[in-house]
Amino acid sequence: MDDNKKRGFMTKALHSGWSCDSATGAAGLPIYASSAFQFHDSAHAAGLFNLEEDGFIYSRLANPTVQAFEAGLNALEGGVGTLATSSGQAAFAHLITALCSSGTNLVVSRKVYGGTLTLLQNIFSRFGVETILVDSDHPCQVEQAVNDETRGIITEIIGNPMMNVAPLEALSRIARRQGVPLIIDNTFATPALCRPIEWGAHVVVYSTTKYISGNGNLIGGAVVDGGNFDWAAYPDKFPELAKPDRAYHDIVFTERFGKAALAAKLHAAILRDLGGCPSAFDAYLLHLSLGTLGLRMERHSANGLAVARFLEAHPMVEWVSYPGLASHPQNDMAKVYLKDGCGGMIAFGVKGGVEAGRKLVDSLSLIGHMANLGESRTLIIHPASTTHSQLTTAQRAAAGLSDGLLRLSVGIENVEDIIADLEKGLEAAGK
Ligand SMILES: Cc1ncc(COP(=O)(O)O)c(C=O)c1O
């Protein structure tokens with residue numbers, strides 16, 4: 001394991017989580033399609049149920065194929081333990097359940113994915129967990145918002161839709177000072193481009209549906225525990241981790257599992273009770289995809305930069321937001337936190353508002369028009385005529401979405417073909 005820590009990203013990606021089946025020699029990761037696992041005897045069963053032994057009981061709690069994917073992602077991210085979930089939404093739901101209770105709050109960037117906001121504001125608010133929205137580009141706003149009841153600071157490495165870059169070091173300093181974990185949604189960068197734990201973040205969250213899969217063939221999520229937050233120092237704030245768990249034989253997770261207390265709690269208690277586990281088949285696909293993640297992100301980043309430059313020079317384009325462009329307000333920060341590339345996500349504004357956006361999207365032939373991102377194939381969406389069409393122009397503006405905004409997820413095709421399709425779309429938009 002220590003040898004693996006020293007290896008390069010691509011090597012780790014191909015050699016983490018699974019080597020081969022000791023019983024059969026099978027080199028491919030088996031899909032353990034089994035709901036439950038046979039106990040050796042009653043003592044073995046008791047040891048597993050009391051968390052005294054590692055092993056498998058029931059696939060809602062743990063499954064060998066899922067565990068291989070978790071170990072693979074964990075190695076790439078540099079965590080002490082990872083929970084894979086059935087979706088990115090489930091990843092946040094499980095994490096927040098572990099950290100918050102009624103009367104507490106989370107300090108959250110107002111520029112995060114809309115689904116994260118609705119989960120917090122429509123669901124968790126009903127259980128007494130308040131969301132305090134801030135502009136996390138301005139760390140002083142974050143610091144002012146944190147109070148005694150705050151249980152976490154949440155932002156995205158690259159925000160959706162404006163592609164703002166998280167000021168990781170400033171936020172992690174605030175989190176340490178205030179005794180709350182910094183939680184980074186790293187979906188847009190992946191560990192191939194940024195490992196937030198190395199910059200002081202405490203927990204990393206994923207929608208693995210996106211780049212981690214890359215194939216657009218599943219829905220999944222993950223929570224990576226950085227092992228660098230001292231939960232035991234704040235037992236009153238984080239009783240689920242640092243006080244006896246009545247629903248688990250009075251185990252104190254920080255005492256039993258040390259640095260990996262959060263990961264252990266998420267697996268043994270939160271997943272057990274909420275049940276948002278992934279299938280073995282999806283975990284198999286995700287583990288397979290990890291092997292090529294580094295290569296794919298290299299290509300997404302190269303294509304992303306080339307397409308952003310093309311758009312910036314096009315007369316039909318009003319503005320382009322891509323952290324790799326010199327014109328991006330946080331380009332200096334991107335050079336530090338995203339030094340190996342900024343991935344494939346671009347936001348841009350086309351002249352002519354909603355109608356021009358519609359025409360552009362409708363005249364594309366290569367680029368897919370769908371509500372996903374991070375696939376190997378290039379995708380586009382025009383929020384004003386799709387995901388946000390039910391809002392007024394004023395409401396969209398308040399959310400940072402102008403009517404001409406398009407969100408492009410640049411894939412790994414030959415970049416000339418992506419550009420040729422966009423050229424056609426922009427011409428149509430201008431007619
Ligand atoms: C940044 C980000 N986080 C989380 C999610 C939620 O993930 P999922 O759709 O896998 O539930 C999404 C979905 O688009 C996302 O873009």
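A residue counts as near a molecule when one of its heavy atoms lies within 4 Å of it. With that in mind, welcome to a set of close-up views of this predicted model.

**View 1. The ligand and the residues around it.** Eleven names are worth finding here, and they can be taken in sequence order. The ligand is surrounded by Ser87, Gly88, Gln89, Tyr113, Glu156, Asp185, Thr187, Ser207, Thr209, Lys210 and Gly220. Some of these residues also place a polar atom close to a ligand oxygen. For Gly88, a polar backbone atom is 3.0 Å from an oxygen atom of the ligand. For Gln89, a polar backbone atom is 2.9 Å from a ligand oxygen. Ser207 takes part through its side chain, with a polar atom there lying 2.8 Å from an oxygen atom of the ligand. How much of the ligand does the protein bury? Taken alone, the ligand exposes 380 Å², and the protein buries 92% of that.

**View 2. An open sheet of 7 strands.** Follow the strands across this sheet in the order 1-7-6-5-4-2-3, and you will find that the pairing is mixed. Which strands stand at the edges? They are strand 1 (81–85) and strand 3 (130–134); each has a single partner strand, so one side of each is left without a neighbour in the sheet. From one strand to the next, the twist averages 20 degrees. Helix 5 (residues 88–99) packs on the sheet and touches strand 1, strand 2, strand 4, strand 5 (182–185), strand 6 (203–207) and strand 7 (221–225). The direction of helix 5 makes about 150 degrees with that of strand 6.

**View 3. Strand 4 and its two partners.** Let us zoom in on one strand of the sheet. Strand 4 covers residues 150–156 and runs parallel to strand 2 (residues 105–109), with 3 bridges joining the two. Two residues of strand 2 help to locate this pairing: the bridge partner of Asn105 in strand 4 is Thr150, and that of Val108 is Ile154. Strand 4 is also joined to strand 5 by 4 bridges, and these two strands run parallel. Here Ile154 appears again, with Ile183 as its bridge partner in strand 5. Is strand 4 enclosed or open? Of its 7 residues, 7 are buried, so strand 4 is largely enclosed by the rest of the structure.

**View 4. Helix 6 and helix 8.** Both helices in this view have buried residues to look for. In helix 6 (residues 114–123), these are Gly115, Thr116, Leu117, Leu119 and Leu120. They pack against helix 5, strand 2 and strand 3. Helix 8 (residues 168–178) lies across strand 4 and strand 5, running at about 150 degrees to strand 5. The buried residues of helix 8 are Leu168, Ala170, Leu171, Ser172, Ile174 and Ala175. What do they pack against? Their partners are helix 7 (139–145), strand 4, strand 5 and helix 15 (331–337). Just after helix 8 comes Gly179, with a positive phi near 70 degrees.

**View 5. Ser213 in its loop.** Between strand 6 and strand 7 runs a loop, and Ser213 has its place there. Is Ser213 buried or exposed? A residue counts as buried when its relative accessible area is under 20%, and Ser213, at 1% relative accessibility, is therefore buried. Leaving aside neighbours within four places in sequence, Ser213 is in contact with Thr208, Leu218, Leu286, Ser289 and Arg296.

**View 6. An open sheet of 5 strands.** Moving further along the chain, we meet another sheet, with its strands in the order 8-9-12-11-10 and mixed pairing. Strand 8 (317–321) and strand 10 (368–369) stand at its edges, and each has a single partner strand, so one side of each is left without a neighbour in the sheet. Strand 10 runs parallel to strand 11 (residues 379–381), and 2 bridges join them. In this pairing, Gly368 has Leu379 as its bridge partner in strand 11. Helix 14 (residues 293–312) lies across strand 8, strand 9 (345–350) and strand 12 (405–409), running at about 10 degrees to strand 9.

**View 7. Arg396 in helix 17.** Our last stop is Arg396, which has its place in helix 17 (residues 393–398). Arg396 is buried, with a relative accessible area of 6%. Arg396 and Ala384 are 12 residues apart along the chain, and their C-alpha atoms are separated by 7.6 Å.

Note on methods:
Residues numbered from 1 in each chain as written. Predicted model: local features only at pLDDT ≥ 70, side-chain atom pairs only at ≥ 80, totals over all residues. Heavy atoms only, no water. Pairing = 2+ DSSP bridges. Axes fitted to C-alpha atoms, helices over the stretch in contact; angles between N-to-C directions. Contact = heavy atoms within 4.5 Å. Buried < 20%, exposed > 50% of the residue type's maximum accessible area, 1.4 Å probe, protein only. Polar contact = N/O pair within 3.5 Å; in protein donor to acceptor, adjacent residues only side chain to side chain. Areas by Shrake-Rupley, 256 points an atom, 1.4 Å probe, with all protein chains shown as cover.
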